[in-house]
Amino acid sequence: MDAQRRVTAVLGPTNTGKTHHAIERMLAHRTGVIGLPLRLLAREVYDRIVAKVGPSVVALVTGEERIVPERTQYWVCTVEAMPLEIGADFVAVDEIQLCADADRGHVFTDRLLRARGLHETLFLGSDTMRGAIAGLVPNATFVKRDRFSTLTYSGSKKISRMPERSAIVGFSVENVYAIAELIRRQKGGCAVVMGALSPRTRNAQVALYQNGDVDYLVATDAIGMGLNLDIKHAAFSATAKFDGRRMRLLYPQELAQIAGRAGRHTEDGTFGVTGEARPFDEDLVEAIETHRFAPVKKLHWRNESLDFGTADRLIRSLEYPTSNEWLTRARDADDVLALKALSALPEVQDRLTEPKRVQLLWDVCRIPDFRSSSGVEHTTLLTRIFEFLVGRGLGGGRIPADWLAKAIARIDKTEGDIDTLSRRLAYIRTWTYVTQRKNWVEDESHWRDETRAVEDRLSDALHAALTQRFVDRRTSVLLRRLKQKEVLVAEVNDKGEVTVEGEFAGRLEGFRFKQDASTTPDAARTLAQAALQALKPEFHLRADRFYNAPDTELDFTEQGGLMWGSNAVGKLVKGAEAAKPGVEAFVDEEAGPDVIEKVRRRLQHFIDRKVAAQFEPLLAMGRDEALTGLARGFAFRLSEAMGVLPRDAVASEVKELDQEARAALRKHGVRFGQFTIFLPALLKPAPTRLRLVLWSLWNDLQEFPESPPPGLVTIPNMAEVPKQHYTLAGYHPAGTRAIRIDMLERLADILRQKDSRAGFEATPDMLSITGMTLDQFADLMAGLGYKGEKSERVKVKTVEAPKAPEISEEAAASIAAGVPIPEEVSIMAPTPEPEAEPESEAAPEMEVFYTFTWAPKPRFQRPERGPRPDRKPQTEGETRPQGDRPQGDRPRGDRPKGDRPKGDRPKGDRPKGDWPKGDHKGKPPRDDRQKTYEARPPRAEKPIDPDNPFAALLALKGKV
């Protein structure tokens, strides 16, 4: 029988096909069991075997997962979960060199000593185990397998220069996350593999890497245990790790196990270091490349013959020493530490009345601490579970369903960050392990399915969180498609959002692609390349729509930009003339010259038509061949100023214009105002806005002045704003405000009717035109050259007109009856006497008023200046007005004679007399002027209508 039980040790480095060989040998037998070091690897091997023989004959048994069909032939398990009592034809144990591991070594040593197949047994692992296996397993056969590919050391590399299809290895969660974040920023993303991940999460992350969605993998040393991935380079970010008790350097064989993941099958691989890891020395490099390491001298062992009589006897049996030279007693593992802690509790000691309860306590203590919690917290949980299980008789209790449901419900939440989801996943692994134990819960199948479903949901959420944080899906998808040289499909929605192969790439603003700013620099180039390549057809379609769009969809900004809806498609540039600007189109070069030219032509057509429409009166005046001589020259000056000229700047030219020339200009709408010469049609908001933009372009301004909001009569007069900007905007600065040019001319028309020497007050019409208060108006008048004297006076109250006397009731009755009114009847009803009001001594109400007089600033007179040659010599006895408003300082408006506004005083009632000439300019002295005038002639008397019911009363008018 022993001769039939062949024991073979297949030894060699990584990438030698040992696991594949074991699977093939197991399937050659009727039944078989294979033990693997990790739950992740067990799941991978299970899937491979199911793909070959189907799920009905393959079982998967791990600490947290149990899939056992009724007709099971092949068992895929973790080493701890291997069934040794079923008598399978074939038994295999992978990574047998873990017998030397301080934490789990005793389990692998136990399988090396006791696990045997009826016909064949395989031990797979490193060649360092040859001596130990030969010493402990008599008659074992050894098979050496060589690596399929070459492994070469490549030194140190920065992560930014890491080649594609690389795996970067870290030994802490914080280190793994930091590296993954850096790779995402520099390379577009990576997959993350850690031992704490569930198989579902791990498989999803591996799929990202294997499918080519990402070219980088960041992992812990979990990838060293049989994970077969397409890795070309393995880089160590550190060479030390925390082994659960202390920080230590990795052993050379551990480094080789991880480095060997590079170069799968026949493809050569490289390994090296990155980050802060120190380069390997020559001896270590040679050992890894040639796979030569010091042999294993001691295997960790723990007594398998346990005594469940009492807790103390169980502990002593676990601590039983060995005398074998190849074995050393393992240090206390987590399960032994938990047993010692629980057995010391009085509430637990009271329940340890039978060996079965001691064995039950040992089974409870073997629940792994997936949560890595404190010793006290884990002990408390184990104590509670043990109390439930011994609650009804001799270990016949069950964990209450409601208590278990609440514990699972607290975990079943898929929101949160990566750390939160990882903790929940560790918690649910505890309950998954518990529900896999036989007779620990009621309705075992229900709770196994429930915990598995929660684990799957948390696994999916964790995978999504890892992908969202460490993978730029857009870049990875585009990179894969570009490598495969496939035609990319781009779509642009109504909002201008661009998607390439369903991934958001940016926005198409007009004819320029604005890439999403959240991409990494390296990924940005790839994303732009893919997007612009896919957008070429969209550029042509959009250019056609733009060329046929009406002018109402286009507009210009106050800074010279050209807009199509809300998108900038170009800008105005300086042209040959101020009113003939050019355009510059905003189009990506990738769109092609045809699209660029089509957009440019459409923009030029738009601005040409806009100028023609808004400046039509000005352009028509320039085209009028009837204007000749001085009129044509003045029209040119007005065209240069774009329809608005301060009069004081062209005063001499205006004087030279005769009435015929002025009339010709007036035909085109030119108004010769007292302060400004302008075309009223060009003071509207739209022409004003265009005038400011064109003038700013022509004068090469970096920042264009903005037009005031429409409808404002006055705006603030800011010292830092040049006066010319106000003029172009259609305003005239005066005081602290600037008043609109056309409203200023209306005000000037009213002011010309006033006696500016004697003084006048502001009328409601003046305040209404300017929209100002009295104090604001006084400031405006000061800016126009008037002096305002502020005074107070008693406010005149409006006196109510007396009410007409009412007709007495008797008189009204006589009138209605058509009979004469008796003489003794009073026609008028007696007027009620007003009640006497007590005399009040309240102060009279005062009002403020201003008296304005013309007070221009004095002009500078040169001492040597003689009489003006154009002034008529003064004759004897003639006096010139002194102190009155000079004609030259305040130019008069050029208005037809018949347009002078009517004054308040009627001409027909002007008093006449021989008033002395002199300083009064033909006016009587102020004290001799008449104070009252008849406003209108008396009304003609109308005959009394006999049909009027009040005819009799009207006949008595004047007789009473």
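User: Where is the place of Asp-443 in the chain?

Analyst: This is a predicted model. In it, Asp-443 sits in the loop between helix 15 (418–436) and helix 16.

User: Which sign does phi take at Asp-443, and about how many degrees is it?

Analyst: The general idea comes before the case. Most residues other than glycine have a negative phi. Asp-443 is not a glycine, yet its phi is positive, at about 55 degrees.

User: Is Asp-443 buried or exposed?

Analyst: Neither word fits. Buried means under 20% relative accessible area and exposed means over 50%. Asp-443 has a relative accessible area of 47%, so it is partly exposed.

User: What is the phi of Asn-15, and where is its place?

Analyst: Asn-15 is not a glycine either, and its phi is positive, about 60 degrees. The residue lies in the loop between strand 1 (6–11) and helix 1. With a relative accessible area of 7%, Asn-15 is buried.

User: Helix 1 follows that loop. How do the axes of helix 1 and helix 2 cross?

Analyst: Read the distance between the axes, then the angle. The axes of helix 1 (residues 18–27) and helix 2 (residues 39–53) come within 12 Å and cross at roughly 40 degrees. Angles under 35 degrees count as roughly parallel, and the crossing here makes helix 1 oblique to helix 2. The crossing of helix 1 past helix 2 is right-handed.

User: Which residues of helix 1 and helix 2 make the contact?

Analyst: On helix 1 they are Thr-19, His-20, Ile-23, Glu-24, Met-26 and Leu-27, and on helix 2 they are Val-45, Arg-48, Ile-49, Lys-52 and Val-53. Sorted by class, this contact of helix 1 with helix 2 holds six nonpolar, two polar and three charged residues.

User: Helix 16 came up with Asp-443. At what angle do helix 5 and helix 16 pack?

Analyst: Helix 5 (residues 173–187) packs on helix 16 (residues 444–470) at an angle of about 50 degrees, and their axes are 9 Å apart. The two, helix 5 and helix 16, are therefore oblique to each other. Helix 5 makes the contact with Tyr-177, Ala-180, Glu-181 and Arg-184, and helix 16 with Leu-466, Gln-468, Arg-469 and Phe-470. In the contact of helix 5 with helix 16, four residues are nonpolar, one is polar and three are charged.

User: What are the angle and the handedness of the crossing of helix 20 and helix 21?

Analyst: Helix 20 (residues 616–623) and helix 21 (residues 629–640) have axes that come within 10 Å and cross at roughly 150 degrees. Angles over 145 degrees count as roughly antiparallel, and helix 20 and helix 21 are therefore roughly antiparallel to each other. Helix 20 passes helix 21 in a left-handed crossing. The residues in contact are Leu-618, Met-621 and Gly-622 of helix 20, with Arg-632, Ala-635, Leu-638 and Ser-639 of helix 21. By class, the contact of helix 20 with helix 21 counts four nonpolar, two polar and one charged.

User: Turning to single residues, in which helix is the place of Met-766, and is Met-766 buried or exposed?

Analyst: Met-766 belongs to helix 27 (residues 764–770). Its relative accessible area is 0%, so Met-766 is buried. To see what surrounds a residue, set aside its neighbours within four places in sequence. On that basis Met-766 is in contact with Leu-747, Ile-750, Leu-751, Lys-754, Phe-760, Glu-761 and Phe-777. Met-766 and Phe-777 are 11 residues apart along the chain, and their C-alpha atoms are separated by 8.4 Å.

User: Which residues is Glu-584 in contact with, leaving aside its neighbours within four places in sequence?

Analyst: They are Val-569, Gly-570, Lys-571 and Val-573. Glu-584 itself is found in strand 26 (residues 580–585). With a relative accessible area of 37%, Glu-584 is partly exposed. From Glu-584 to Gln-604 is 20 residues in sequence and 8.9 Å in space, C-alpha to C-alpha.

User: How many helices and strands are in the chain, and what percentage of its residues count as buried?

Analyst: The chain has 30 helices and 34 strands. Of its 960 residues, 43% count as buried. Among contacts with a separation of 6 or more, 67% are between residues 24 or more positions apart. The accessible surface of the chain is about 52,400 Å², and carbon and sulfur atoms account for 50% of that surface.

Key:
Residues are numbered from 1 along each chain as its sequence is written. This is a predicted model: local features need pLDDT of at least 70, side-chain atom pairs count only at pLDDT 80 or more; totals for chains, interfaces and linings use all residues. Side-chain values use heavy atoms; hydrogens and water are left out. Helices (H or I, at least four residues) and strands (E, at least two) are DSSP runs, numbered from the N terminus. Buried means under 20% relative accessible area, exposed over 50%, partly exposed in between (1.4 Å probe, protein chains only). Contact means heavy atoms within 4.5 Å. Accessible areas come from the Shrake-Rupley method with a 1.4 Å probe; for residues, only the protein chains shown count as cover. Axes are lines fitted to C-alpha atoms, for helices over the stretch in contact, and angles run from 0 to 180 degrees between N-to-C directions. Angles under 35 degrees count as roughly parallel, over 145 as roughly antiparallel, 65 to 115 as roughly perpendicular and the rest as oblique. A crossing is left-handed if the near helix is turned anticlockwise from the far one by less than a right angle, and right-handed if clockwise. Ala, Val, Leu, Ile, Met, Phe, Trp, Tyr, Cys and Pro count as nonpolar, Asp, Glu, Lys and Arg as charged, and the others, Gly among them, as polar.
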